[in-house]
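Here is a short report on one loop residue and a group of aromatic side chains. Keep the structure open while reading.

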Amino acid sequence: MEEVEAHSVTVERCRRCKGLWFDRSKHEYLRDWKGARAIDTGDPDVGRSYNEISRILCPGCFAPMIRMVVPDQHHIWYESCSKCFSVFFDAGEFKDYVSKDLVDIIQDLFTPER
């Protein structure tokens, strides 16, 4: 992991897959910041391939992470730790998370139930 500074917040980015790991609710804090998209530098196609991995350990406390869905963007899967409350977005997911638009609405219509 490498540290990334964004809007006075430090997040971790995986050097290999470019996924983003956020302590507690930092992802919610950064969601409304105009520069938030810039920290997600990964390839969304690579990120989607990681959605097939079901057993992920939290980079912070090594507890098993749980797959979650963003309530207002059902097509975005991310992982959440029930022990330390951190979250992990695969490459491209955070960029999508911070920019809800018409494309998101259309994607949600065609996303199968999870």
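A charge sits over a ring if NZ of Lys or CZ of Arg is within 6 Å of the ring centre and within 35 degrees of the ring normal. In this predicted model, Arg31 meets that description: its charged end sits over the ring of Tyr97, 4.0 Å from the centre.

**The aromatic cluster**

Tyr97 belongs to a cluster that ring pairs build from Phe22, Tyr78, Phe89, Phe94 and Tyr97. The whole structure holds 6 aromatic pairs. Two of them are listed here.

| Pair | Geometry | Centre to centre | Angle between planes |
|---|---|---|---|
| Tyr78 and Phe89 | stacked | 5.2 Å | 20° |
| Phe89 and Tyr97 | tilted | 5.1 Å | 40° |

The pair of Tyr78 and Phe89 links distant parts of the chain. Tyr78 is in strand β5 (residues 73–81) and Phe89 in strand β6 (residues 87–89), 11 residues apart.

Are these rings buried or exposed? Tyr78 counts as buried because its relative accessibility is 12%, and the cut-off is under 20%. Phe89 is buried too, at 0%. Tyr97 is buried with a relative accessible area of 5%.

**The loop residue Gly19**

Phe89 also touches a loop: Gly19 is in contact with Phe89. Gly19 lies between β2 (9–13) and β3 (20–22). At 0% relative accessibility, Gly19 counts as buried. Beyond its neighbours within four places in sequence, its contacts include Glu12, Arg13, Cys14, Phe88, Asp90 and Ala91. The C-alpha atoms of Gly19 and Glu93 are separated by 8.3 Å, although these residues are 74 residues apart along the chain.

How values were computed:
Residues are numbered from 1 along each chain as its sequence is written. This is a predicted model: local features need pLDDT of at least 70, side-chain atom pairs count only at pLDDT 80 or more; totals for chains, interfaces and linings use all residues. Side-chain values use heavy atoms; hydrogens and water are left out. Helices (H or I, at least four residues) and strands (E, at least two) are DSSP runs, numbered from the N terminus. Buried means under 20% relative accessible area, exposed over 50%, partly exposed in between (1.4 Å probe, protein chains only). Contact means heavy atoms within 4.5 Å. Rings of Phe, Tyr and Trp (its six-membered ring) pair if their centres lie within 6.5 Å; planes under 30 degrees apart count as stacked, over 60 as edge-to-face and the rest as tilted.
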